[in-house]
Amino acid sequence: MQAADPLVPIYLSTSTIAGRIAAERQASTLVAGVFYAPLDYVSCVRRTLRVIRPALLIVLETEIWPHLYHETKQSGAALALVNSRISARTWPHYKRLRWFFKPSLQLPGTVLVQTAADRERYLFLGVPAAKLDVLGNLKYDTSLLKPEHGLPSFGAEHIWIAASTVGPNERGSLSRHTVDEDDIVIRAFQALAHDFPRLLLILAPRQPARFEQVAQKLQRAGVNFLCRTQLQERPSLTLQLPGVLLLDTIGELAAAYPLAHVAFVGGSIAPRGGHNILEPASAGVPVIVGPHMQNFEAIAQDFLAACAIRQIQGGEELLPTVRDLLLHRPVAEQLGRQARQLVEQQRGASERIAARLWPLFHSASLRTRHNFIARCILGPLALLWREGGALKRRRYLRYAASVPPVAVPVVSIGGITVGGSGKTPFTTYLADRLHAAGYAPAILTRGYRRRSPARDLVFPPGAKVPAAFTGDEAQIFLRRAISPIGIGANRYETAQILRFQFPSTDVLLLDDGFQHARLNHDLDIVLIDGLDPFGGEEVVPLGRLREPLTALSRAHAFVVTRADNDLRYRAISARLREYNQNAPIFRTRLIARHWRNYKTGALSQNLGVRRVAAFCGLGNPQSFWSTLESLGLEIVFRWAFEDHHSYKAVELQRIGHQARVHGAEILVTTEKDRINCPNHFENAITPLDLAWLEIQLELEEEDRFFALLEPVLRRRAVA
């Protein structure tokens with residue numbers, strides 16, 4: 001999954017201390033973070049989900065946690081059960097508790113099981129058949145990882161590994177028992193030492209808590225032994241053979257298997273359910289197991305059917321079986337080859353599973369889970385927002401019906417969520433294309449946060465006006481010098497003034513106009529932000545929606561921005577179809593055009609540096625961070641302000657200080673944020689420089705889009 005999209009952060013949770021240590025050692029370069037899985041209480045789960053905000057939760061093996069499942073779905077994230085299994089040993093317990101598991105098992109978007117038997121068991125427990133599929137066992141692919149061993153062989157001619165051995169009544173056993181696999185292994189080693197004087201036993205107890213206990217057993221037995229931790233402290237130490245290397249470390253067992261001539265995998269003579277046999281098998285080592293392999297039931301059956309494993313029925317059979325394989329090297333090598341071939345035949349589950357998970361990841365629509373107190377406070381405010389917006393819209397529609405329509409087509413470019421969805425770049429793009437096609441477009445905008453006493457302002461293309469008078473978005477339109485600009489809260493009145501001053505105008509582009517009903521729209525284009533398309537599913541302040549999603553039925557066309565991934569685009573399109581069956585859907589891509597240097601004004605395709613400090617005041621700052629990462633830049637410090645933030649010199653001074661502390665080579669921001677910076681602020685960020693990114697928009701299926709637009713323009717022109 002990381003190879004398919006390196007920019008998607010992956011987090012890994014563990015539930016044990018040993019698992020945490022192994023994860024930090026083996027997965028630190030693959031994941032963005034390792035943490036302990038939360039206890040299955042709503043407060044713990046909800047807090048974890050709120051911090052990480054995953055779009056997809058992947059649960060491996062048989063981990064059924066009702067609150068985790070429920071809260072994940074409530075957060076809008078997708079949920080997948082992967083490599084799922086239910087062993088024959090535990091199946092009777094699951095059958096009896098079917099009523100308890102069924103509600104939880106209906107929540108995942110997909111359940112990918114190991115075998116056909118597992119599929120039938122999950123189907124019986126209530127997982128819908130459409131969500132179930134058999135994709136094989138993920139464990140076979142662990143053999144693709146090739147750790148380099150650093151263990152010495154001490155000149156041994158025969159090496160036996162006893163892996164994951166367990167003691168009496170060890171935690172996780174199927175029942176109470178008195179079997180001590182370490183005692184069985186030590187007795188077998190003492191007997192073998194007479195026949196194989198250059199024998200090395202690598203003994204790896206399962207539980208770290210038993211390392212010291214096993215060392216004491218070896219000492220009492222009078223066996224030559226050396227602990228791995230001693231060897232790490234003093235690499236010059238040697239071991240007299242026959243002898244035992246006690247592997248009292250975590251995470252080194254897989255690296256030891258290539259040394260071995262035979263391996264016994266523990267937890268299988270004692271009724272523990274067995275441990276993973278794939279690591280020694282993938283190394284081509286002949287493997288011995290006991291009768292208890294319930295935890296790896298399907299894998300053990302595969303190996304037994306392929307004659308790729310030796311299964312003994314009790315501890316008394318371990319000694320003759322190990323002796324036989326050490327004496328008859330060709331037989332042992334053939335057993336190892338068959339085991340390796342079986343592993344290679346069964347590989348590929350990870351790729352098949354990853355391909356099935358990506359559509360789920362891109363279909364997520366995240367929303368904030370508010371606690372009870374917050375919902376009690378914000379819920380009534382959201383109701384007021386929704387009802388107040390509906391009331392205002394009805395009033396504006398009556399206003400629009402009472403005044404003469406403007407004599408030119410009006411094309412609205414708006415959104416359903418607060419904050420940025422790319423409306424300004426798309427409005428600029430559309431004005432440029434219409435101008436190139438021979439039209440005379442003009443842009444109407446409200447001039448958000450402008451500081452001007454005038455009710456309405458109209459400027460010719462390229463007019464030099466302070467940003468404080470126009471607002472940042474209108475300033476971008478002016479600097480593009482494509483069209484006249486009208487700025488005002490009542491866009492109908494502004495349109496009349498603009499057309500009086502620029503009578504050649506033949507089409508009006510209404511920026512951020514989906515909710516502006518004072519001016520009738522001939523075409524409503526709604527932009528959908530691919531990073532947060534549905535605003536948390538709730539209206540402000542519970543979410544980011546300006547109107548309920550049912551308002552999407554008014555749209556004449558949708559343009560999805562920042563959804564470069566095809567799976568993401570298809571998922572958003574499918575959701576839009578739930579609210580609007582007819583409006584065509586298009587997609588844009590934002591292309592980083594060039595960087596502009598603040599001091600020199602020079603343009604460049606790249607910054608010439610890698611470590612940057614970034615700041616922005618956007619409705620969705622993640623879009624800017626993602627763009628920088630896609631350009632290969634390392635963001636050592638980032639600071640997000642509210643949308644349309646007007647910067648003060650002292651704020652830029654703080655940003656510059658933090659940038660220097662974090663080792664940034666340059667400050668970067670957006671074109672809109674550069675407009676909102678004060679004049680002559682270079683002293684505030686010295687000695688750093690500042691550059692801002694200018695972007696260019698590309699519209700897919702441009703011909704089809706303008707085929708939709710042309711009849712609207714032509715119809716009004718004729719009228």
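This short talk goes through two nonpolar cores, two helix pairs and one helix packed against strands, all in a predicted model.

Let me begin with the cores. The largest nonpolar core has 33 residues, and within this set Phe426, Leu430, Leu509 and Ile525 are the ones that touch the most other members. If you look for the element that gives the largest share of this core, you arrive at helix 17, residues 423-436, which supplies five residues. Apart from this core lies another, of 30 residues, which includes Ala162, Leu201, Val262 and Val322.

What is isoleucine 525 in contact with, once its neighbours within four places in sequence are left aside? The list begins with Val411, Ser412, Ile413 and Gly414, goes on to Phe426 and Leu430, and is completed by Ala557, Val559 and Phe705. Two of those partners, Phe426 and Leu430, we have just met among the residues that touch the most other members of the largest core.

Now to the helix pairs, and to helix 2 and helix 3 before the other. Helix 2, residues 42-52, packs on helix 3, residues 66-74, at an angle of about 40°, and the axes are 9 Å apart. Since angles under 35 degrees count as roughly parallel, and 65 to 115 as roughly perpendicular, helix 2 is therefore oblique to helix 3. The crossing of these two helices is right-handed. On the side of helix 2 the contact involves Val42, Val45, Arg46 and Leu49, and these meet His67, Leu68, Glu71 and Thr72 of helix 3. Sorted by class, this contact holds four nonpolar, two polar and two charged residues.

The second pair is helix 7, residues 181-195, with helix 8, residues 211-220, where the angle is about 30° and the axes are 11 Å apart. That angle makes helix 7 roughly parallel to helix 8, and here too the crossing is right-handed. Asp182, Asp183 and Ile186 of helix 7 make the contact with Val214, Lys217 and Leu218 of helix 8. By class, that contact has three nonpolar and three charged residues, with no polar residue.

Last comes helix 22, residues 621-630, and I would ask you to look at which of its residues are buried. They are Pro621, Ser623, Phe624, Trp625 and Leu628. The strands against which the buried residues of helix 22 pack are strand 21 (585-597), strand 23 (611-616), strand 24 (634-640) and strand 25 (666-670). After helix 22 comes glycine 632, with a positive phi, near 80°.

Definitions and conventions:
Residues numbered from 1 in each chain as written. Predicted model: local features only at pLDDT ≥ 70, side-chain atom pairs only at ≥ 80, totals over all residues. Heavy atoms only, no water. Buried < 20%, exposed > 50% of the residue type's maximum accessible area, 1.4 Å probe, protein only. Helix = DSSP H or I, 4+ residues; strand = E, 2+ residues; numbered from the N terminus. Contact = heavy atoms within 4.5 Å. Core = buried A, V, L, I, M, F, W, Y, C linked by side-chain atoms within 4.5 Å. Axes fitted to C-alpha atoms, helices over the stretch in contact; angles between N-to-C directions. Parallel < 35°, antiparallel > 145°, perpendicular 65-115°, else oblique. Left-handed = near helix turned anticlockwise from the far one by under 90°. Nonpolar A, V, L, I, M, F, W, Y, C, P; charged D, E, K, R; others polar.
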